[in-house]
Amino acid sequence: MLTTWITLTLFLSIGYAANRDVMSKVNCSTLLNKKLFHLHSKLLNVSKTNVVFLKESVYLTTFQTRCSHERCFTRTSMEKHVPGPKICPNGWKSRKGSCYQVFTDKVNWFQAQMNCRRYESTLAHIEDELENKWLKKQFPDIKTATWIDVVDLGKEGKWMSFSSGKTANYLPWYDSEPNNYDSSEHCAFMFNSGTEKWYDGNCTSSLNFMCKKINSV
């Protein structure tokens with residue numbers, strides 16, 4: 001009888017200890033699951049917020065790019081577009097209500113467009129011969145290839161102003177340009193060897209770039 005009682009006591013003790021260990025693990029697992037669920041919820045909210053932010057950023061960037069060229073400083077549901085300064089920033093060249101600057105940072109065409117955005121501008125959209133020749137006179141020291149606004153990324157041979165979305169009617173190409181060398185040249189640049197004539201180049205090449213902004217005059 002004593003042996004049976006001792007055996008039963010040991011069995012119950014071991015069972016209780018094992019059950020307590022299992023319960024402890026279950027509680028830990030439950031707590032961990034709650035924390036993971038809470039973290040997942042936070043991450044989901046952050047993700048949703050970022051999606052909204054990115055959508056709004058893309059909208060505002062697209063709208064502001066169009067307006068910077070057309071000077072349509074109107075209020076949208078998200079932002080009022082404020083006109084630029086009445087005078088050009090220090091170092092920028094002024095002409096007929098626009099400001100121009102050449103940057104000698106060597107970047108590809110896409111980075112150049114983004115860099116111009118930092119100065120509330122776009123790559124320079126040059127509209128006629130007078131403007132083109134004026135730029136050559138204003139930046140005589142720039143004698144290496146410099147990115148400008150015009151591209152035919154949408155369709156080969158159809159050159160467009162990226163900032164306005166309009167067909168580029170003024171295209172002062174250098175002799176034999178554009179040649180779309182190796183079927184990979186879809187972005188325009190000027191000042192190659194100091195000339196104001198234009199060339200087509202590979203958009204991933206690292207060149208100078210010219211920014212243009214519309215001021216409020």
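Four salt bridges, each defined as a side-chain nitrogen of Lys or Arg within 4 Å of a carboxyl oxygen of Asp or Glu, are found when the whole structure is searched. The structure is a predicted model, in which local features need pLDDT of at least 70 and side-chain atom pairs count only at pLDDT 80 or more, whereas totals for chains, interfaces and linings use all residues. Residues are numbered from 1 along each chain as its sequence is written, and side-chain values use heavy atoms, with hydrogens and water left out.

Side chains of opposite charge can pair when their charged atoms come close. One such pair is formed by Lys133 and Glu129, whose closest N and O atoms are 3.9 Å apart. Both belong to helix α3 (residues 129-138), and because they are four residues apart there, about one helical turn separates them; helices (H or I, at least four residues) and strands (E, at least two) are taken as DSSP runs, numbered from the N terminus. With buried meaning under 20% relative accessible area, exposed over 50%, and partly exposed in between (1.4 Å probe, protein chains only), Lys133 is partly exposed at 37%, and Glu129 is likewise partly exposed, at 45%.

A further salt bridge joins Glu131 to Lys212, with the closest N and O atoms 2.9 Å apart. Glu131 lies in helix α3 and Lys212 in strand β8 (residues 207-214), so this pair ties together parts that are 81 residues apart in sequence. Both Glu131 and Lys212 are buried.

Lys133 also takes part in a salt bridge with Glu196, the closest N and O atoms being 3.4 Å apart. This pair links distant parts of the chain, since Glu196 is in the loop between β6 (187-190) and β7 (199-201) while Lys133 is in helix α3, 63 residues away. Glu196 counts as buried, its relative accessibility being 18%. In addition, salt bridges that share partners join Glu127, Glu131 and Lys212 into one network.

Strand β6, which precedes the loop that holds Glu196, is covered on both faces, with Cys187 and Phe189 buried on one side and Ala188 and Met190 buried on the other. Strands are regarded as paired if DSSP finds at least two bridges between them. On this basis β6 runs antiparallel to strand β4 (residues 146-151), to which three bridges join it, and the bridge partner of Trp147 in β6 is Phe189. Strand β6 also pairs with β7 in the antiparallel sense, over three bridges, and here Phe189 stands opposite Tyr199 of β7.
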